[in-house]
Amino acid sequence: MDSSSLAHSKWECQYHIVFIPKYRKKVLYGKVRDDVREIIRTLCKYKQVEIIAGAVCIDHVHLCVSIPPKISISDFMGYLKGKSALMIYDKHPEMGNKWDRSFWARGYYVVTVGNLTEENIKEYIHKQAEESKREAEKVNRPL
């Protein structure tokens, strides 16, 4: 299993995330698209989030990312959408107005990505329990 590690843990936390511009406006094309791609890359690097795959479409963004477990998905998305909106408006002031500085819609779609199914996990836990019982029996046997 390919996993990353922190000081005392190994992890593999991958997510598929989709988010859209406010009112699902078709604004992610040309120079804006290139800038959004670069901004997302930069912000992910700051948080040690690995981009596995991504696509900036004309009216939405797809990301497949590996996020360290010390960062919650909601914290990451708040950071990503908040900072990227400010950076987009800095590069493209014509896209916003002085009263509304929100570029992205409020929500997002997220699903975990993994190579283990629920059945795999149940089977693994069952095998571990059986092995533990066998070990306990060995310990409790009189010599």
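With which side chain does the side chain of aspartate 59 make a polar contact? The partner is the side chain of histidine 60, at 2.8 Å. The views below are taken from a predicted model.

**View 1. Surroundings of aspartate 59 in the loop between strand 4 (50–56) and strand 5.** Aspartate 59 counts as buried because its relative accessibility is 11%, below the 20% cut-off for that class. Beyond its neighbours within four places in sequence, aspartate 59 touches Ile20, Pro21, Arg24, Lys25, Lys26 and Leu28. For one of these contacts, that with isoleucine 20, the two C-alpha atoms lie 6.1 Å apart, although 39 residues separate the pair in sequence. The polar contact between the side chains of aspartate 59 and histidine 60 also belongs to this view.

**View 2. The salt bridge between lysine 26 and aspartate 59.** The closest N and O atoms of the two residues are 3.6 Å apart. Lysine 26 belongs to the loop between strand 3 and helix 1, and aspartate 59 to the loop between strand 4 and strand 5, so the pair ties together parts that are 33 residues apart in sequence. The partners are unlike in accessibility: lysine 26 is exposed, with a relative accessible area of 54%, whereas aspartate 59 is buried, at 11%.

**View 3. Salt bridges within helices 1 and 3.** The model contains six salt bridges in total. In one of them, arginine 41 pairs with glutamate 38, and their closest N and O atoms are 3.0 Å apart. These two residues are three positions apart in helix 1, so about one helical turn separates them. Arginine 41 is partly exposed, with a relative accessible area of 44%, and glutamate 38 is likewise partly exposed, at 39%. In another, glutamate 123 pairs with lysine 127 at a closest N to O separation of 3.1 Å. Here the spacing is four residues in helix 3, which again means a separation of about one helical turn. Glutamate 123 counts as partly exposed because its relative accessibility is 43%. Elsewhere, salt bridges that share partners join Arg24, Lys26 and Asp59 into one network.

**View 4. The largest nonpolar core, with 28 residues.** Ile17, Phe19, Leu28, Phe76 and Trp104 are the members that touch the most other residues of the core. Two or more residues each are given by strand 3 (14–19), helix 1 (30–46), strand 5 (61–66) and helix 2 (73–91). Helix 2 supplies the largest share, eight residues. In soluble globular proteins, nonpolar side chains tend to be buried together.

**View 5. Contacts of tryptophan 104.** With neighbours within four places in sequence left aside, tryptophan 104 is in contact with Phe19, Ile20, Pro21, Lys22, Leu28, Val36, Val61, Lys81, Ser84, Ala85 and Ile88. Among them, Phe19 and Leu28 are also named with Trp104 as core members that touch the most others. Ile20, Pro21 and Leu28 appear as well among the contacts of aspartate 59.

**View 6. A nonpolar surface patch of about 430 Å².** The patch is made by Leu116, Ile121, Tyr124 and Ile125. Leucine 116 is placed in the loop between strand 6 (109–113) and helix 3 (118–140). Leucine 116 counts as exposed because its relative accessibility is 53%, above the 50% cut-off for that class.

Terms used
Residues numbered from 1 in each chain as written. Predicted model: local features only at pLDDT ≥ 70, side-chain atom pairs only at ≥ 80, totals over all residues. Heavy atoms only, no water. Core = buried A, V, L, I, M, F, W, Y, C linked by side-chain atoms within 4.5 Å. Buried < 20%, exposed > 50% of the residue type's maximum accessible area, 1.4 Å probe, protein only. Contact = heavy atoms within 4.5 Å. Patch = residues over 30% accessible without salt bridge, like charges linked within 9 Å, V, L, I, M, F, W, Y side chains within 5 Å. Areas by Shrake-Rupley, 256 points an atom, 1.4 Å probe, with all protein chains shown as cover. Salt bridge = Lys/Arg side-chain N within 4 Å of Asp/Glu carboxyl O. Polar contact = N/O pair within 3.5 Å; in protein donor to acceptor, adjacent residues only side chain to side chain.
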